[in-house]
Amino acid sequence: MPNENELQEIKIHETMSKIDRKILIMSGKGGVGKSTVTVNLANALLAQGHTVGVLDTDIHGPNIAKMFGCEGEILCSTEDGSHILPVCPREGLKVVSMSFALNDPDQAIIFRGPMKIGVIKQFLADVEWGTLDYLLIDSPPGTGDEQLAVCQSMPDLSGAVIVTTPQQVAIQDVRRSITFADQLSVKVLGVIENMSYLICPDCNKHIPIFGTDGGKNLCEENGLPFLGAIPMELGLQQGEDVGCNWIEENPESESAKAFLQIADHLHQTVEFKHSPFVPSFSSCSPSSCASCHADCSSRKG
């Protein structure tokens with residue numbers, strides 16, 4: 001009989017086998033806008049007709065819920081308590097974040113490494129994601145416990161998208177993310193340069209406040225795809241603060257067009273890996289090997 005860890009591994013494989021493309025959004029540098037990229041890339045994929053899940057693995061500073069406009073909702077479980085139901089802010093989108101487990105949004109989450117890894121593995125194993133085209137995994141800065149938990153626990157990870165800003169201080173840290181992915185045999189799908197330039201709200205002039213071509217040069221040096229450059233727009237930042245869908249509400253903005261182009265590029269290039277899961281153990285409990293689960297619906301907390 002498999003032990004508890006082996007049963008969890010079975011559940012992770014079984015759950016993840018229903019998701020076609022699983023992409024880790026990461027950066028060695030903090031403050032480059034990984035959550036901005038994750039949220040707007042998810043909304044861009046939704047706009048193109050795909051079903052998307054978003055897993056927020058930033059345990060200490062979860063912002064995904066606020067940016068999707070679902071702050072204050074809670075995680076519920078199935079009637080038999082065997083699975084966690086994700087929050088569904090809009091049709092085709094499922095979101096899981098540590099913030100949904102907090103009574104107070106200002107509450108500090110004081111976890112050591114093993115506890116963080118345990119939470120992430122539980123989200124991978126026990127959330128009833130159902131069948132999805134994409135799962136985007138937002139991560140905190142660095143190359144530590146959270147990124148390791150995802151890369152070492154998730155089967156058939158499609159790869160990582162690395163986010164940077166143009167300045168060399170960011171590029172230096174982002175290089176470490178590339179090394180991290182290489183050491184763990186995770187494919188780097190490409191680099192997105194966020195905050196490439198500021199669009200002046202008065203004259204629409206492009207102002208490269210962090211320099212130019214840092215992300216593009218990084219890709220040329222390392223033989224990686226450059227997925228695109230995202231400008232800074234005042235409306236995009238304001239929209240995130242109130243949880244609006246910038247892509248849907250402002251499709252003609254420069255940033256929305258950039259995200260839509262990146263989403264289309266990813267969909268054309270990311271390898272399709274959907275395949276049925278066959279357990280590697282001779283026996284397991286019926287609850288951990290159920291062949292399918294019903295999709296969730298929106299709930300307010």
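**Group meeting: a walk through the sheet and the pockets**

Okay, let's start in the middle of things: strand β2, residues 52-56, and strand β6, residues 132-138, run parallel and are joined by five bridges. One spot to look for on your screen is Val-52, which stands opposite Tyr-134 in β6. Before I go on, please keep in mind that this is a predicted model.

On to β2 and β5. These two also run parallel, with four bridges joining them. If you click on Leu-55, you'll find that its bridge partner in β5 is Val-96.

Now let's zoom out. How many strands does the open sheet have, and in what order? There are seven, the pairing is parallel, and the order goes β5-β2-β6-β1-β7-β8-β11. Which strands sit at the edges? Those are β5, residues 93-96, and β11, residues 226-229, and each of them pairs on one side only. Going from one strand to the next, the twist averages 20 degrees.

There's a helix to add here. Helix α10, residues 254-269, packs on the sheet and touches β1 (19-26), β6, β7 (159-164), β8 (188-193) and β11. Its direction makes about 170 degrees with that of β11.

Back to β5 for a moment. In a regular strand, side chains alternate between the two faces of the sheet. So are the residues on the two faces of β5 buried or exposed? They're buried: Leu-93 and Val-95 on one side, Lys-94 and Val-96 on the other, so both faces of this strand are covered.

Right, pockets. The largest one holds about 480 Å³ of space. It's lined by 26 residues, and the closest to its centre are Gly-33, Thr-36, Met-67, Gln-237 and Glu-240. Three elements give two or more residues to that lining, namely α2 (34-47), α3 (64-68) and α8 (234-242). Which of them gives the largest share? That's α8, with five residues. As for the character of the lining, we have eleven nonpolar residues, nine polar and six charged.

The second largest pocket comes in at about 270 Å³. Here the lining is 16 residues, and Pro-62, Glu-71, Ser-99, Leu-102 and Pro-105 are the closest to the centre. This lining splits into seven nonpolar, six polar and three charged residues.

If you take two pictures away, take the parallel sheet with β5 and β11 at its edges, and the largest pocket with α8 giving the largest share of its lining. Thanks, everyone!

Note on methods
Residues are numbered from 1 along each chain as its sequence is written. This is a predicted model: local features need pLDDT of at least 70, side-chain atom pairs count only at pLDDT 80 or more; totals for chains, interfaces and linings use all residues. Side-chain values use heavy atoms; hydrogens and water are left out. On a 1 Å grid over the protein atoms alone, a cavity is a set of points where a 1.4 Å probe fits but cannot get out, and a pocket is an open set with protein on both sides within 12 Å along at least five of seven lines; lining residues have an atom within 4 Å of a point. Grid points are joined across faces, edges and corners, and a volume is the space filled by probe spheres set on the points. Ala, Val, Leu, Ile, Met, Phe, Trp, Tyr, Cys and Pro count as nonpolar, Asp, Glu, Lys and Arg as charged, and the others, Gly among them, as polar. Two strands pair if DSSP finds at least two bridges between them. Axes are lines fitted to C-alpha atoms, for helices over the stretch in contact, and angles run from 0 to 180 degrees between N-to-C directions. Contact means heavy atoms within 4.5 Å. Buried means under 20% relative accessible area, exposed over 50%, partly exposed in between (1.4 Å probe, protein chains only).
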